[in-house]
Amino acid sequence: HPVRMAQSTAMLDVLSGGRVLLGISNGYSATDLAAFGVTGKHRGRRLQQGLELARQLWSGKPVTAIGDGFELNDFVMFPPTVQHGGPPIYLGGHADAAIKRAATHGDGYFLSATAGLPQLKSLIEKYQSYLKRVRSPFEGVWLNRVTCVVENTKQKELARTFFAKALIALYASWGHSNVTSLSERQRSIDDICRNNLIVGEADEC
C-alpha cells in the first residue's frame, strides 16, 4: 500500500540518519499481484499514483488525495523524513514504459539482477534517450547484482554453483522473461556467473 510504503520508508530514513535510497518497480509475478488484489493491467497506473502520493506525504504538508486503494483527507504523515522532500526514488524495469517512467518520474534507474551484460548497453541507452527528452543530466545507473566475496578458489566454485542455480530457479519460478527465455547454454553456471553475478576473491570483485 502506498501510504504504508511511504511511512515505512520515512521511518527507515529517520533510523539511518537520512541515508535511504528507495528502489521501486512494477512487479510481474501473477502470484504476488493476486496476493495483493492487484491486476497486471493496472499496475503501472497504481505505481504512478503511489509515487506521486509518497512525494506528497514526504513534503510534511497535509495531503488530500483519492486513488486506487486510498483516500486521504488532510492527512499528515509521521514520522517526517530526514531528507527534505523524501529519499531519492530509483525506478526499475526493462519494458520501454518502465524505462521512460524512470527517466521522467524517478531520481534514477536501477537494473535488475536478471539483466545480463549483453542487455545492459541497450537498456542504458534507452534510459539516456528518454532523459534527453526531459533535459535531465545522466548521472549513471544502479546495477543490482548478487555479490559474494570468498577467501579461496574452493569457496569460489561452491559460491558460483550455489548462486547461479539459485538465481535461475528463483526467477524462473516467478516467470521472469529474462530467465524463462534463456537457452540451456545461457543457463550454464559459467554464463550466469559472467553475465549476472559478482563472485570471487576480493581482488577479482
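1. Aromatic pairs. In this predicted model, the aromatic rings form five pairs when ring centres within 6.5 Å of each other are counted. One of these joins tyrosine 90 and tryptophan 142, whose ring centres lie 5.2 Å apart with their planes at 70 degrees; since planes over 60 degrees apart count as edge-to-face, the pair belongs to that class. Tyrosine 90 sits in strand E4 (residues 89-92) and tryptophan 142 in strand E6 (residues 142-143), so the contact between the rings ties together parts that are 52 residues apart in sequence.

2. Surroundings of that pair. The two partners fall into separate accessibility classes: tyrosine 90, with a relative accessible area of 15%, is buried because the limit for that class is under 20%, whereas tryptophan 142, with a relative accessible area of 43%, is partly exposed.

3. A pair of neighbouring phenylalanines. The rings of phenylalanine 162 and phenylalanine 163 have their centres 5.0 Å apart and their planes at 80 degrees, so this pair, too, is edge-to-face. Phenylalanine 162 counts as exposed at 53% relative accessibility, because the threshold for that class is over 50%, while phenylalanine 163, at 24%, counts as partly exposed.

4. An aromatic cluster. Tyr109, Tyr127 and Phe138 come together as one aromatic cluster.

5. Length of helix H6. Helix H6 runs through residues 153-173, and its 21 residues, at 1.5 Å a residue, should span 30 Å; the C-alpha atoms at its ends are indeed 30 Å apart, so the expected and modelled spans agree.

6. The two sides of H6. Which residues of H6 are buried? They are Lys156, Ala159, Arg160, Ala164, Leu167, Ile168 and Tyr171. These residues cover an arc of only 145 degrees around the axis, which means that they lie on the same side of H6. The face turned away from this buried side carries the exposed residues Lys154, Leu158, Phe162, Lys165 and Ser173, and Phe162 is also a member of the phenylalanine pair described above.

7. What covers H6. The elements that cover the buried residues of H6 include strand E7 (146-150) and strand E8 (197-201), together with helix H7 (177-180) and helix H8 (189-196).

8. The ends of H6. At the N-terminal end, asparagine 152 acts as a cap, with a side-chain oxygen that lies 3.2 Å from the backbone nitrogen of lysine 154. Just after H6, glycine 175 adopts a positive phi of about 75 degrees.

Note on methods:
Residues numbered from 1 in each chain as written. Heavy atoms only, no water. Helix = DSSP H or I, 4+ residues; strand = E, 2+ residues; numbered from the N terminus. Expected span 1.5 Å × (residues − 1). Buried < 20%, exposed > 50% of the residue type's maximum accessible area, 1.4 Å probe, protein only. Arc of directions from axis to C-beta. Contact = heavy atoms within 4.5 Å. Polar contact = N/O pair within 3.5 Å; in protein donor to acceptor, adjacent residues only side chain to side chain. Phe/Tyr/Trp six-rings, centres within 6.5 Å; stacked < 30°, edge-to-face > 60°.
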